[in-house]
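User: Please pick one part of this model and look at it closely, with the rings and their surroundings in mind. Give the cut-off behind each term once, and keep to what can be computed from the atoms.

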Amino acid sequence: MKKPEIHIRPANKEDLERIWNLWKVVVDQKIYFPYDDSFSREHIENSWINLKNNCFVAESEKEIIGAYILKPNQPGYGNHIANASYMVNSQKRGMGLGHKLCAHSIDAAKELGYYAMQFNLVVSTNKPAIKVWLANGFEIIGTIPDGFRHFEKGYVDAHIFYRKL
């Protein structure tokens with residue numbers, strides 16, 4: 001059986017509702033992102049799901065199965081380092097989508113003139129993501145002991161990843 005084709009493209013206004021729905025499912029799992037129920041949709045739309053960020057979607061058979069944003073990690077004198085955040089539909093994991101999104105974001109960050117990329121909080125129990133980031137040239141530059149309160153496992157470490165472009 002042929003694998004469905006995956007196309008990564010910039011998000012548009014019509015995608016925002018579908019990105020929100022993907023976001024909600026993944027965040028509600030309480031094991032990948034630090035956002036809890038205190039973060040309103042308005043807050044998330046202001047910080048993550050908007051077209052002011054460089055927001056991209058992975059689409060397969062007209063379904064959004066993944067997304068990522070790319071933005072400055074810090075303002076002002078820290079804006080030469082990109083920060084990215086990724087999300088994959090739970091039903092579509094294991095297809096290599098995380099790797100494709102990461103590789104795409106590296107190319108996009110280079111095109112946008114960033115010097116490097118940094119991920120500020122990668123949960124240590126998210127082994128598939130860690131494997132992808134390492135395979136794409138990132139390194140762990142620090143570990144925050146008990147930096148994430150995992151829904152099932154309690155306090156677990158969180159890693160900071162970095163890659164020069």
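Analyst: **Aromatic rings and their setting**

Among contacts in the protein between residues at least 6 apart in sequence, 66% join residues at least 24 apart; a contact means heavy atoms within 4.5 Å. The model is predicted, so local features need pLDDT of at least 70 and side-chain atom pairs count only at pLDDT 80 or more, whereas totals for chains, interfaces and linings use all residues. Numbering starts from 1 along each chain as its sequence is written, and side-chain values use heavy atoms, with hydrogens and water left out.

The protein has four helices and seven strands, in the order β-α-α-β-β-β-α-β-α-β-β from the N terminus on. These elements are DSSP runs numbered from the N terminus: helices are H or I with at least four residues, strands are E with at least two. Of the 165 residues, 44% are buried. Buried means under 20% relative accessible area, exposed means over 50%, and partly exposed lies in between (1.4 Å probe, protein chains only). The accessible surface comes to about 9500 Å², and 52% of that surface belongs to carbon and sulfur atoms; the areas come from the Shrake-Rupley method with a 1.4 Å probe, and for residues only the protein chains shown count as cover.

The core comes next. A nonpolar core is a set of buried Ala, Val, Leu, Ile, Met, Phe, Trp, Tyr and Cys residues joined through side-chain atoms within 4.5 Å. The largest one holds 27 residues, and Y86, M117, F119 and W133 are the members that touch the most others. At least two residues of this core come from each of β2 (54-60), β3 (63-72), β4 (81-88), α3 (97-111), β5 (116-123) and α4 (127-135). Helix α3 gives the largest share, six residues. Another core of 14 residues lies apart from the largest one, with I19, L22, V57 and M87 among its members. In soluble globular proteins, nonpolar side chains tend to be buried together.

Three of the names above recur in the ring pairs. The whole structure yields six aromatic pairs. Rings of Phe, Tyr and Trp (its six-membered ring) pair if their centres lie within 6.5 Å; planes under 30 degrees apart count as stacked, over 60 as edge-to-face and the rest as tilted. For Y86 and F119 the ring centres are 5.6 Å apart and the planes meet at 85°, which makes the pair edge-to-face. Y86 lies in strand β4 and F119 in strand β5, with their positions 33 residues apart, so this pair links distant parts of the chain. The relative accessible area of Y86 is 11%, so Y86 is buried; F119, at 3%, counts as buried as well.

Y86 has a further partner in W133, and that pair is tilted, at 4.7 Å centre to centre and 35° between the planes. Strand β4 holds Y86 while helix α4 holds W133, 47 residues apart, and here too the pair links distant parts of the chain. W133 counts as buried because its relative accessibility is 7%. Taken together, ring pairs link F56, Y68, Y86, F119, W133 and F138 into a cluster.

F119 also touches a polar neighbour. H159, in strand β7 (residues 154-164), is buried because its relative accessible area is 12%. Not counting residues up to four places away in sequence, H159 touches F119, N120, L121, V122, S124, I130, I140, G142 and T143. With T143 there is a polar contact from side chain to side chain at 3.0 Å. Such a contact is a pair of N or O atoms within 3.5 Å; within protein, one must be able to donate a hydrogen and the other to accept it, and residues adjacent in sequence count only if both atoms are side-chain atoms.

Y115 sits in the loop between α3 and β5. With 43% relative accessibility, Y115 counts as partly exposed. The C-alpha atoms of Y115 and H80 are separated by 5.5 Å, although the two residues are 35 apart along the chain. Leaving aside neighbours within four places in sequence, Y115 is in contact with H80, Y162, K164 and L165.

Two backbone entries complete the account. K62, in the loop between β2 and β3, has a phi near 65°, a positive value in a residue other than glycine, and is exposed at 73% relative accessibility. D146, in strand β6 (residues 139-150), has a positive phi near 55° and is partly exposed at 47%.
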